[in-house]
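Visitor: Please give me a close look at one part of this model. Start with a single strand, then follow its surroundings outward. Keep the numbers in.

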Amino acid sequence: QVQVVESGGGLVQPGGSLRLSCAASGSGFTIKPMGWYRQAPGKQRELVATFAESGSTNYADSVKGRFTISRDNAKNTVYLQMNSLKPEDTAVYYCNALAFARSGTFSLYWGQGTQVTVSS
């Protein structure tokens, strides 16, 4: 069974910072955490920052220069450093990971999300 668990969300004032973590695990699988998405109330889930298969990074235009994604492959963990937070960054942040079975098949798994609220 594959588990993807996000942590690090919370309430922060505008201009503040938060660091999100996402740990993925699964016995018998090769795990590759991929990135972060977010969903604000009444809106669709959107990409925030992800790793491509090549290892390059992709960012939403709205977070470029403020957010940084990083990954610790040894720990199957991906991080999202969020600086200069704005009220419009308020959302539930989700992480996803690819899990490769020994058979060669793979599936995408999502975590339960962590709430980030930016408010004074």
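Guide: Take strand S8, residues 77-82. Five of its six residues are buried, so the strand is largely enclosed by the rest of the structure. Buried here means under 20% relative accessible area. Keep in mind that this is a predicted model.

Start with the pairing partners of S8. Strand S3, residues 18-26, runs antiparallel to S8 and is joined to it by six bridges. One register point is leucine 18, whose bridge partner in S8 is methionine 82. Strand S7, residues 67-72, also runs antiparallel to S8, again with six bridges. Here arginine 71 has valine 78 as its bridge partner in S8. S7 and S8 form a hairpin with four residues between the strands. In that hairpin, asparagine 76 takes a positive phi near 50°.

Now widen the view to the sheet. Four strands form an open sheet in the order S1-S3-S8-S7, with antiparallel pairing. S1 and S7 are the edge strands; each has a single partner strand, so one side of each is left without a neighbour in the sheet. From one strand to the next, the twist averages 15°. As a rule, side chains in a regular strand alternate between the two faces of the sheet.

Look next at what methionine 82 touches. Neighbours within four places in sequence are left aside. Its contacts are then Gly16, Ser17, Leu18, Leu20, Arg66, Phe67, Tyr93 and Val116. Methionine 82 is also among the residues with the most contacts inside the largest nonpolar core, together with Trp36, Val48, Phe67, Leu80 and Tyr93. That core has 28 residues. The elements giving two or more residues to this core are S1 (2-7), S3, S4, S5 (46-51), S7, S8, S9 and S11. S9 gives the most, with five residues.

That leads to S9, residues 91-101. Eight of its eleven residues are buried, so S9 too is largely enclosed by the rest of the structure. Its pairings can be taken one by one. Strand S4, residues 29-39, runs antiparallel to S9, and ten bridges join the two. In this pairing, arginine 38 has tyrosine 93 of S9 as its bridge partner. Strand S11, residues 114-118, pairs with S9 in the antiparallel sense over three bridges. Alanine 91 stands opposite valine 116 there. Strand S10, residues 106-110, pairs with S9 in the antiparallel sense over five bridges. Its register shows in alanine 99, which stands opposite serine 107. S9 and S10 form a hairpin with four residues between the strands, where glycine 104 takes a positive phi near 100°.

Aromatic geometry comes next. The count comes to two aromatic pairs. In one, the rings of tyrosine 37 and tryptophan 110 have centres 5.1 Å apart and planes at 70°, so the pair is edge-to-face. It links distant parts of the chain: tyrosine 37 lies in S4 and tryptophan 110 in S10, 73 residues apart. In the other, phenylalanine 100 and phenylalanine 106 have ring centres 5.4 Å apart and planes at 35°, so this pair is tilted. The angle cut-offs matter here: under 30 degrees counts as stacked, over 60 as edge-to-face and the rest as tilted.

Check the exposure of these rings. Tryptophan 110 has 33% relative accessibility and counts as partly exposed. Phenylalanine 100, at 25%, also counts as partly exposed. Phenylalanine 106, at 52%, counts as exposed.

Finally, charges over rings. The charged end of arginine 45 sits over the ring of tryptophan 110, 4.7 Å from its centre. Back at the starting strand, the charged end of arginine 19 sits over the ring of tyrosine 79, 4.0 Å from its centre.

Conventions
Residues numbered from 1 in each chain as written. Predicted model: local features only at pLDDT ≥ 70, side-chain atom pairs only at ≥ 80, totals over all residues. Heavy atoms only, no water. Buried < 20%, exposed > 50% of the residue type's maximum accessible area, 1.4 Å probe, protein only. Pairing = 2+ DSSP bridges. Core = buried A, V, L, I, M, F, W, Y, C linked by side-chain atoms within 4.5 Å. Contact = heavy atoms within 4.5 Å. Phe/Tyr/Trp six-rings, centres within 6.5 Å; stacked < 30°, edge-to-face > 60°. Lys NZ or Arg CZ within 6 Å of the ring centre and 35° of its normal. Axes fitted to C-alpha atoms, helices over the stretch in contact; angles between N-to-C directions.
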